[in-house]
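Subject: Structure handed over, with notes

Dear colleague,

Please find below the structure that I agreed to pass on to you. I would be grateful if you would keep it open while reading the notes that come after it.

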Amino acid sequence: LTDKGIFIIQSENSSLCIKVDTAGLVLEDCGQLSEKMLWKWASNRRLFNIGSSTCLGLNISKPEQPLAMLECDSTQYSLWWNCDGKALVGISEFKLAVENSKHIVAKRKSTCQWKPYMSYDEDLCEHPFQETYTLLGNSFGFPCVFPFKYNNKWYYECTRDGKESEWCATTTHYEQDEKWGFCPSAESGCDIFWKKSPNTHICYQFNLASVLSWREARAACQLQGGDLLSVTSPDEQDYITNLSRQLNSTDMMLWMGLNRLDEDAGWQWSDGAPLMFVNWRANVSDNRYKENHCAVINPKLKYGWNSYLCESGLPFVCKKYLNKTEHETLDTWQYHATRCDAGWYPHNRNCYRLHKEQKSWNHASLSCQSENSRLISVSSMADEELLLNLLESENVTETWIGLYSNNTPVVFEWSDSTPVKFSSWDRQEPNTFQRTGQLCVSAQGPEGHWRIKKCEDKSYYICKKAGEFNSVSPELESNCPEGWERHGGYCYKIDSTPRSFEHASSGYFCPSALVSVTNRFEQAFINSMIHSMAESERTYFWIGLQDLNNTGEYFWLSTAGKNHSVSYTNWNKYQPRHSGGCVAMRGKHPIGYWEVKSCENFKAMSLCKQKVNSYEEPELTFQKYSSSCYFGWESEPNLLNCYKIFHNEKVLMRRTWDEAEALCQDFGAHLASFSHIYEETFLNNLLYTIFDRTEERQFWIGFNKRNALSGGTWQWSDRTPVVSSFLEDKYVEDDSRNCGVFKVNRTVFPAHCKEKREWICKIPKGVKPMSPVWYTAELPWSYYQGAEYLFHVSPAEWETCKFVCGWLRGGLAIINSSGEQAFIQNKIRTVRKS
């Protein structure tokens, strides 16, 4: 049942379960199973009871007892529910409560806690309603509405009644509106909705009548075990063109999986295929297209790809591999001790050498060949990590790699003839527009992303050749105990017995410590380890991230009991859900993502990590920051960053989230982020100082979940790791409010990114803010409790000062409280220093 999203609601306080009865809702023994105990989340946050075919609702016109089971299409009553922790909350803050230890009622004040029966400490919203997008039918691909009414019966899932395949209605009353569509199925093969290519074991699905955004279209493909279309060769492009000709769809724009939703990187395919064949119609780095983060294909045109605004509603093409091999299997990460000639760097069966002389790509290629090697090829994340380590250790920012293209249409290949399995383009890349002849590619630090350059440009280069690896027994080879895998300077192992976090972290079962994950490469290595272990979606692995003391902030548990702060996170959607938990990694769907679980009750396997004996950990260098900020930016001595608040008194107009982030970037800054809770407290106090406490001022900060690739996880725009559940539970998570707003009283809430607001920027101490062209230096007004103060430092007579203040539409200061007196004294001190 749980796979269908059906659950039983259990009271945490009494361990009894809710049942719908003729008299209303009552608590019963959970063992006495009946259909009237079964619940399912339905469209628009409604709770549907399967046995009674009714929805849980509130009739506010009866305030003494509003709770009732109502028809699911009722419009005069509220059927909306949400979780606040483990409380179930409806409209007007009514909570589900128990009266006389038997009857279920709704009260504004209640401490009742509810959880799904047989779950470990989850709340009822842990597995929310998932949209099902329809195929064919007459509803433009819109999602099913559950429950819907057909033949006087309520359906809470797709049905075969009345049609040859599973279908659903896309409005509540099928007979009234007759709007419907077929339901996608996740079966492994390709059913009637797919066209199979005879040569390649790949299926394609053209959804020509649909009108969905890029994110919705991708969700519709993923529901069927596929993804949006990727085009990896001119042959595939021709196949798509021919297929669309047969379907009479040649002159239309269709979504494909190409996107640049990852702000730090360039274009990539959503299904993980390498972007090596490039077929742009226009110059994608043109300013006119800077809002476009997704791409469409027009099969009629020879160069038919174009960037497009992701929110537009368009038809789309899905693609599904029948025998899909995972791109990153363990063998790309497998450790092999390797021997190399002097001057070469050994890594997993190959030898590498970075040449610090500037050469053109062709000369660099010849130079490698003269040493019996080739320019470096990068075929996996493991290779990319090696490349970055080389650049970092040699302090180099850019180097040629062996990727080039000689043909039109543009297809990139490796000069050592390795098959192309992986791509990692830089921002705005690959930009091949109106470039002819040979194209060459370089890799750039700090992320190792690729850029197309003129082949005559001169650059450093890296050569690669096969090394010697003798048949040594694996332990000797890797310096790890038997059964452990090596990566970098550490050994890793899975303890496959499920235990609570307390036992897993005791140091007995994991001899040194639970894993701490420091970057995306280590995460990818761990994914390759757990890939083979994870049988079901319910397989989880403890990692060392926890908030055992309920501070609200997650830290790595270290051996000496000291907490290490976090440099990388990989949270799943809606995570971290609350403070005070321990973190486990999912084994499947999606693999490796992190979730907060109960430290005592949840049981999971463990991921262990220990240092290789000979490995010296790099010393952590703590930068000493100058204690002060540049003029107009605010901070405190213990903070590493400076903040600037752009509020109505300073700026001409409010901005959307995008505009605000761009304006911060003009200063060399970003929208504000909190790497620790005390930064949030500082900002809150600063706002309290500046504005009158009664004002509800709201500011954009960098918190957002706009990157559709991360599956709806909240992130900071400056890539600060997320260490706390900053959003309050009571705010409903939906897919349209994707940007975070900070308001006084330390609240972060989600809002529509296109709304216009004031904003706050943040820059590291010691970094000098740039001065953008549009920015006119403001007079140095200071703000306190909603009033503005200007300190004049050139001495003058009292009358002159009175005149100047009047001319600036103010008056000489009048001091009304000891707080104001203290504020003015502090300001005088800082003015005197500067």
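The notes below describe what was found, starting with the annotated domains and going on to helices, cores and salt bridges.

Please bear in mind throughout that this is a predicted model.

Domains taken from the record

The UniProt entry, which is unreviewed, places a feature called "domain: Fibronectin type-II" at residues 139-185. In the model, 9% of that stretch is helix and 26% is strand. The C-alpha atoms at its two ends are 18 Å apart.

The unreviewed UniProt entry also lists "domain: C-type lectin" at residues 203-319, 347-464, 487-600 and 642-762. Over residues 347-464, the chain is 19% helix and 36% strand, and here the end C-alpha atoms are separated by 10 Å.

Nonpolar cores

The largest nonpolar core has 98 residues, and the members that touch the most others are Trp305, Phe412, Trp450 and Trp594. Helix H6 (residues 381-393) gives this core its largest share, namely seven residues. Another core lies apart from it and holds 33 residues, including Phe148, Trp194, Ala220 and Cys221.

Helix H6 deserves a closer look. Of its 13 residues, 10 are buried, so that H6 is mostly covered. Those buried residues are Met381, Ala382, Asp383, Glu384, Glu385, Leu386, Leu387, Leu388, Leu390 and Leu391. The length of H6 can be checked as well: at 1.5 Å a residue, its 13 residues should span 18 Å, and this agrees with its end C-alpha atoms, which are 18 Å apart. After H6 comes Asn395, with a positive phi near 60 degrees.

Two helices with one buried face

Helix H2 (residues 214-222) has Trp214, Ala217, Arg218, Ala220 and Cys221 among its residues, and these are buried. Viewed down the axis of H2, the buried residues lie within an arc of 155 degrees, and therefore they line one face of the helix. The elements that cover them include strand S18 (202-212), strand S19 (227-228), strand S20 (254-259), strand S23 (294-297) and strand S25 (314-321).

Helix H10 (residues 657-666) can be read in a similar manner. Its residues Trp657, Ala660, Glu661, Leu663 and Cys664 are buried. They fall within an arc of 160 degrees seen down the axis of H10, so they line one face of that helix. The buried residues of H10 pack against strand S45 (670-671), S46, strand S48 (739-743) and S50. Gly668, which follows H10, has a positive phi near 80 degrees.

A contact between distant parts of the chain

Leu709 is found in the loop between S46 and strand S47 (715-716). Along the chain, Leu709 and Asp262 are 447 residues apart, yet 7.3 Å separates their C-alpha atoms. Leaving aside residues up to four places away in sequence, Leu709 touches Trp214, Arg218, Asn259, Leu261, Asp262, Gln268 and Tyr593. Why is Leu709 classed as partly exposed? Its relative accessible area is 24%, whereas buried means under 20% and exposed means over 50%.

Salt bridges

Side chains of opposite charge can pair when their charged atoms come close. The whole structure contains 30 salt bridges, and three of them are described here.

One salt bridge joins Glu468 to Arg339, with the closest N and O atoms 3.6 Å apart. This pair links distant parts of the chain, 129 residues apart: Glu468 lies in the loop between strand S34 (459-466) and helix H7 (474-478), and Arg339 in the loop between helix H4 (330-333) and strand S26 (345-347). Glu468 is partly exposed, with a relative accessible area of 47%, and Arg339 is partly exposed at 49%.

Glu758 and Arg697 form another salt bridge, at 2.9 Å from N to O. Glu758 is in strand S50 (residues 758-764), while Arg697, 61 residues apart from it, is in the loop between helix H11 (677-690) and strand S46 (698-704). Are Glu758 and Arg697 buried or exposed? Both are buried.

Glu595 and Arg586 also form a salt bridge, their closest N and O atoms being 2.9 Å apart. Glu595 and Arg586 are both buried. These two residues belong to a network of salt bridges that links Glu122, Asp123, Glu126, Arg577, Arg586, Glu595 and Lys597.

Yours sincerely

Conventions: Residues numbered from 1 in each chain as written. Predicted model: local features only at pLDDT ≥ 70, side-chain atom pairs only at ≥ 80, totals over all residues. Heavy atoms only, no water. Core = buried A, V, L, I, M, F, W, Y, C linked by side-chain atoms within 4.5 Å. Buried < 20%, exposed > 50% of the residue type's maximum accessible area, 1.4 Å probe, protein only. Helix = DSSP H or I, 4+ residues; strand = E, 2+ residues; numbered from the N terminus. UniProt positions renumbered as here; feature names shortened; annotations may be inferred. Salt bridge = Lys/Arg side-chain N within 4 Å of Asp/Glu carboxyl O. Arc of directions from axis to C-beta. Contact = heavy atoms within 4.5 Å. Expected span 1.5 Å × (residues − 1).
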